[in-house]
Amino acid sequence: MKNIFQPDLYINSLDDLDLKRLKEEGYRNILIDLDNTLAPYYDKHIDERAKEILDKMSEEGFFVVVMSNNHEERVRDFLKGTDHHYQSMSLKPTKVGYKKVLERYGLKASETLAIGDQILTDIVGANRMKIFSILVEPLVEKDSFSTRINRQFEKILYKIGAVKK
Ligand SMILES: [Mg+2]
């Protein structure tokens, strides 16, 4: 059985994503985390880099949904001025948000990638859904309070060898 904490792929930066190859492998959709994946949690609005990353994914032919555990206002305000799809209050790592998104847009889990900076939410959630999980290094070291707690667990997972980069 697959280790629920282990990402299918680990990348240092979103710039390292080989979108063409992933497309060739049959993936069609990307669920991407917001806080500390696309932008630091304290950045209120989308910046040029995040814009470029999302646009590039769309241009490569991927269906993109920003999937965040943060509240509606946070995600909506961050994406203001763009037309990207999003799901707030996703409740990762439960299956609730993933199921909503897959159903709403008619996506297959087997054709979907999930990208995020946290093992305990983004990776465990995707793995439970049998969605290809991609762990990206957090953008900044500063985390929100709840994430700081998760980071302590992550440290333990690395230390005991439960997760390998
Ligand atoms: Mg995050």
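# Exercises on a Predicted Model

Strand S5 is mostly covered, since five of its five residues are buried. The structure is a predicted model, and the exercises below examine its sheet, its core, one loop residue and one pair of helices.

## Exercise 1: The sheet

Determine in what order the six strands form the sheet, and which strands are the edge strands.

Solution.
Step 1. The six strands form an open sheet, and their order is S1-S6-S5-S2-S3-S4. The pairing is parallel.
Step 2. An edge strand pairs on one side only, which is the case for S1 (residues 9-11) and for S4.
Step 3. From one strand to the next, the twist averages 25°.

## Exercise 2: Strand partners

State how many bridges join S2 to S5, S2 to S3 and S5 to S6, and identify residues that stand opposite one another.

Solution.
Step 1. S2 and S5 run parallel and are joined by four bridges. Within this pair, Asn29 stands opposite Thr112 of S5, and Ile32 stands opposite Ile115 of S5.
Step 2. S2 and S3 also run parallel, with four bridges between them. Here Ile32 has Val66 of S3 as its bridge partner.
Step 3. S5 and S6 run parallel and are joined by four bridges. Gly116 has Leu135 of S6 as its bridge partner.

## Exercise 3: Covered strands

Establish which residues lie on each face of S5, and whether S3 is enclosed or open to its surroundings.

Solution.
Step 1. On one side of S5 are Thr112, Ala114 and Gly116; on the other are Leu113 and Ile115.
Step 2. These residues are all buried, and both faces of S5 are covered.
Step 3. In S3, four of the five residues are buried, so this strand is largely enclosed by the rest of the structure.

## Exercise 4: The nonpolar core

Find how many residues the largest nonpolar core has, and which residues have the most contacts inside it.

Solution.
Step 1. The largest nonpolar core has 35 residues.
Step 2. Ile30 and Ile32 have the most contacts inside this core.
Step 3. At least two core residues come from each of several elements, including strand S2 (29-32), helix H2 (48-59), strand S3 (63-67) and helix H4 (96-105).
Step 4. Leaving aside residues up to four places away in sequence, Ile30 touches Met57, Phe62, Val64, Leu113 and Ile115.

## Exercise 5: A loop residue

Locate His84 and decide whether this residue is buried, partly exposed or exposed.

Solution.
Step 1. His84 is placed in the loop between H3 and strand S4 (85-87).
Step 2. Within 10 Å of His84 there are 19 other C-beta atoms. A buried residue needs 20 or more, and an exposed one has 12 or fewer; His84 is therefore partly exposed.
Step 3. Not counting residues up to four places away in sequence, His84 touches Leu54, Val64, Val66 and Leu79.
Step 4. His84 and Leu54 are 30 residues apart in sequence, while their C-alpha atoms are 8.1 Å apart in space.

## Exercise 6: Two helices

Describe how H5 and H6 cross, and name the residues that make the contact.

Solution.
Step 1. Two packed helices are described by the angle and the distance between their axes.
Step 2. The axes of H5 (residues 119-129) and H6 (residues 145-159) come within 10 Å and cross at roughly 65°. H5 is therefore roughly perpendicular to H6.
Step 3. H5 contributes Ile119, Leu120 and Thr121 to the contact, and H6 contributes Asn150, Phe153, Glu154 and Leu157.
Step 4. By type, these contact residues divide into four nonpolar, two polar and one charged.

Technical notes:
Residues numbered from 1 in each chain as written. Predicted model: local features only at pLDDT ≥ 70, side-chain atom pairs only at ≥ 80, totals over all residues. Axes fitted to C-alpha atoms, helices over the stretch in contact; angles between N-to-C directions. Parallel < 35°, antiparallel > 145°, perpendicular 65-115°, else oblique. Contact = placed C-beta atoms within 7 Å. Nonpolar A, V, L, I, M, F, W, Y, C, P; charged D, E, K, R; others polar. Core = buried A, V, L, I, M, F, W, Y, C linked by C-beta atoms within 7 Å. Pairing = 2+ DSSP bridges.
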